[in-house]
Every structure is written in C-alpha cells, then in structure tokens.
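Student: I have not seen this structure before. Could we go through it one question at a time?

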Amino acid sequence: MQVRIYQPAKSAMQSGRGNAKKWLMEYEPTARRSVDPLMGWTSSDDTRSQLKLWFASKDEAIEYAKSKALVYTVEEPQERKMKPKVYSDNFANDRLLRWTH
C-alpha cells in the first residue's frame, strides 16, 4: 500500500497556525471514484481513502509506516513567506497610487 505523509496547510477559516504542527498520513487511492447517476454523489470502493492518521511528528509517522510495511512518500512543508507590513505606509506621501475610498 502506498501512503503519503505531510503537514496539511491551514484552512482559509483559520487565522492562526494551531494544527500546523501535526503530521497527517493518508492512503493513496487504489480504486477509481464513480458518480451515482440518481443523486450525483461521488463514491468509491476503496475504504482506506477515508482513513486519516494524525501524528505528533514526522518520525512517528515514518516509524508507523515502516512497522506496517507500507510504502511511503514524505512531502516536506513549504516555508511561509512573510512580507512585513507597516500600517503607516498607507498614509505615506510617496505612495505610487492615490489614496481613495
């Protein structure tokens, strides 16, 4: 079985980074998804696609995958690029664009 180990990105509804320290292990899909013709729901015969395992560290997830003889791939998280912002720059005289409301 193929699994993927990664740190999920925060959702759009989160302002903080509370769950950003946990690592997630998911099984790769083995069966194709199908659409129910009556209701339009998407379903699959693969029940492992519903399974998500959370770990406190990457090493714990890797050890679990090795103990269960799973083939794993680790996706390293991308670094956050913080652009420093200063509120007073909104009122600077040398702004490129005019101040409008």
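Tutor: Yes; keep in mind that the model is predicted. A good place to begin is Asp46, found in the loop between strand E4 (42-43) and strand E5 (52-55).

Student: Which side chain of opposite charge is nearest to Asp46, and how far away is it?
Tutor: Asp46 is buried but has no salt bridge. A salt bridge needs the nitrogen and the carboxyl oxygen within 4 Å. The nearest side chain of opposite charge is that of Arg48, at a distance of 5.7 Å.

Student: What lies 3.3 Å from a polar atom of the Asp46 side chain?
Tutor: The side chain of Arg48 is 5.7 Å away from Asp46. The backbone of that residue is a separate matter: the atom at 3.3 Å is the backbone nitrogen of Arg48.

Student: Which residues does Asp46 touch, not counting those up to four places away in sequence?
Tutor: That count leaves out Arg48, as it skips residues up to four places away in sequence. The residues touched are Glu28, Pro29, Thr30 and Ala31.

Student: How many of the residues of strand E2 are buried?
Tutor: Trp23, Met25 and Tyr27 point one way from E2, while Leu24 and Glu26 point the other way. Residues on both sides are buried. Strand E2 (residues 23-27) is therefore largely enclosed by the rest of the structure, and the count is five of the five.

Student: Which residue of E5 stands opposite Trp23?
Tutor: E2 has strand partners. Strand E1 (residues 2-6) runs antiparallel to E2 and is joined to it by four bridges, with Ile5 opposite Met25. E2 and E5 are also antiparallel and joined by four bridges. In that pairing, the residue opposite Trp23 is Phe55.

Student: Which residue forms a salt bridge with Glu28?
Tutor: Glu28 is partly exposed, with a relative accessible area of 28%. The closest approach in its salt bridge is 3.9 Å, N to O, and the partner is Arg4. The pair links distant parts of the chain, 24 residues apart: Glu28 is in the loop between E2 and strand E3 (34-35), and the other residue, in strand E1, is Arg4.

Student: How many residues apart in sequence are the parts tied together by Lys52 and Glu26?
Tutor: The side chains of Lys52 and Glu26 meet in a salt bridge at 3.6 Å, N to O. Lys52 lies in strand E5 and Glu26 in strand E2, so the separation of the parts tied together is 26 residues.

Student: Which residues are linked in a network of salt bridges?
Tutor: The structure holds five salt bridges. Among them is the one between Lys58 and Glu76, at 2.8 Å, but this pair is not named in the network. The linked residues are Arg4, Glu26, Glu28, Lys52 and Glu75.

Notes: Residues numbered from 1 in each chain as written. Predicted model: local features only at pLDDT ≥ 70, side-chain atom pairs only at ≥ 80, totals over all residues. Heavy atoms only, no water. Helix = DSSP H or I, 4+ residues; strand = E, 2+ residues; numbered from the N terminus. Buried < 20%, exposed > 50% of the residue type's maximum accessible area, 1.4 Å probe, protein only. Lys, Arg positive; Asp, Glu negative; His and termini not counted. Polar contact = N/O pair within 3.5 Å; in protein donor to acceptor, adjacent residues only side chain to side chain. Contact = heavy atoms within 4.5 Å. Pairing = 2+ DSSP bridges.
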